[in-house]
Amino acid sequence: MFDFDTTKLGVIGYPLKHSLSPLIHNNAIEKLGLNYQYQPLEIKPGNFDTSINGLKIMKIKGFNVTIPYKEQIIGYLHNMSKEVEVIGAVNTVVNNDGKLIGYNTDVTGIKVTLERFGEELSNSGIIVLGAGGASRAVIYSLIEHFNVSKIHLFNRTVEKAEKLKGQFSEKLNFKEISCYNFDEKRIADVLSRAKLVVNTTPVGMYPDVNESPINHYKLFKKDKIYFDLIYNPLKTNFLKKAERTGAAGINGLKMFVGQAAESFKLWTGKEFPIEESELLIKNKFIDS
Ligand code: ATR
């Protein structure tokens, strides 16, 4: 139930029909017995400016930001975290009496996901597929939290990868990014120099579950780690191919719950029920 004192939270984006954030945040709120409520706040693109100015003056403590507003929201911020400054994308906003502060908690989601591979990743080479906002959060986390030595960045539009390279060189002084067109032959050439292959593109996401960003069997090797940011489906075609070779495969579920947990902490100061949230999402996929 909610009343006058209920603190409002939410997620802004368009479309929002399939967002799983309300499910896990409201479950956490209920479990912790907090007087909060988390709502999907769908904003049509033409209404963005009016809506954000409205949210600022409403009693809303904060909100998540998803596609297509992760970059656009930056123009409305009073302040931002170091992550946002480097990555240029926001997934969490805290509203301090009309002053919006932007964060990128995807970075924490990636950190908690890869933590158990920390030793293997330190000083190693990484292959990253895709150069959008999610890719920038992955690269930030790999540089800042895992001390990787080299990033091989593959993107359909190579100019976008080059721009990303420039940003990380300028803002984090990390000069070890090489950019390539998305080409399986080029990926095969650098595979021996990489420990981890990360898919940050939406290729293979529901409903296109039979697709994979890379397909040739030579690109899947037993001694590598394969990380797909997608969590719907939990096992993408990319991860199936990886696991068939005996390699370690990681899906995006831990990252999704990890980013939610960090956002929740920023708004409420409380710890999120991580395992229960992961289970809730798994069961949701089994049921549907
Ligand atoms: P996100 O915030 O999820 O990263 P984004 O910023 O739109 O979303 O970035 C999507 C990334 O996936 C981009 O690198 C995009 O490639 P382009 O820069 O060439 O657009 C990549 N991508 C999207 N669809 C793709 C496809 N069908 N094949 C290969 N790459 C794709």
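Which strands does helix α6 lie across, and at about what angle does the helix run to β8? The legends below address this and related points for a predicted model.

**View 1. Helix α6 lies across four strands, β7, β8, β9 and β10.** Helix α6 comprises residues 133-146. Of the strands beneath this legend's title, β7 covers residues 125-129 and β10 covers residues 196-199. The helix runs at about 175° to β8.

**View 2. An open sheet is formed by 6 strands with parallel pairing.** The order of the strands is β9-β8-β7-β10-β11-β12. Strands β9 (177-181) and β12 (248-250) stand at the edges; each has a single partner strand, so one side of each is left without a neighbour in the sheet. On average, neighbouring strands of this sheet are turned by 15° against each other, direction ignored.

**View 3. Strands β8 and β9 run parallel and are joined by 5 bridges.** Strand β8 consists of residues 150-155. One residue pair may serve as a guide to the pairing: His152 has Ser178, in β9, as its bridge partner.

**View 4. Helix α9 lies across β7, β10, β11 and β12.** Residues 237-244 make up this helix, and residues 225-228 make up β11. Helix α9 runs at about 165° to β11.

**View 5. Asn199 is a buried residue in strand β10.** Why does Asn199 count as buried? Its relative accessibility is 0%, and a residue is classed as buried under 20%. The side chain of Asn199 makes a polar contact, at 3.1 Å, with the side chain of Asp228. Leaving aside neighbours within four places in sequence, Asn199 is in contact with Leu129, Pro213, Phe227, Asp228, Leu229, Ile230 and Phe238.

**View 6. The ligand is surrounded by residues that include Gly130, Ala131, Gly132, Gly133 and Ala134.** Also among the surrounding residues are Asn155, Arg156, Thr157 and Lys160, together with Thr201, Pro202 and Val203. Which residues place a polar atom at a stated distance from an oxygen atom of the ligand? For Ala131, a backbone N or O atom lies 2.8 Å from a ligand oxygen atom. For Gly133, a polar backbone atom is 3.1 Å from an oxygen atom of the ligand. For Thr157, an N or O atom in the side chain is 2.4 Å from an oxygen atom of the ligand. Taken alone, the ligand exposes 650 Å², and the protein buries 70% of that area.

How values were computed
Residues numbered from 1 in each chain as written. Predicted model: local features only at pLDDT ≥ 70, side-chain atom pairs only at ≥ 80, totals over all residues. Heavy atoms only, no water. Pairing = 2+ DSSP bridges. Helix = DSSP H or I, 4+ residues; strand = E, 2+ residues; numbered from the N terminus. Axes fitted to C-alpha atoms, helices over the stretch in contact; angles between N-to-C directions. Contact = heavy atoms within 4.5 Å. Buried < 20%, exposed > 50% of the residue type's maximum accessible area, 1.4 Å probe, protein only. Polar contact = N/O pair within 3.5 Å; in protein donor to acceptor, adjacent residues only side chain to side chain. Near = heavy atom within 4 Å. Areas by Shrake-Rupley, 256 points an atom, 1.4 Å probe, with all protein chains shown as cover.
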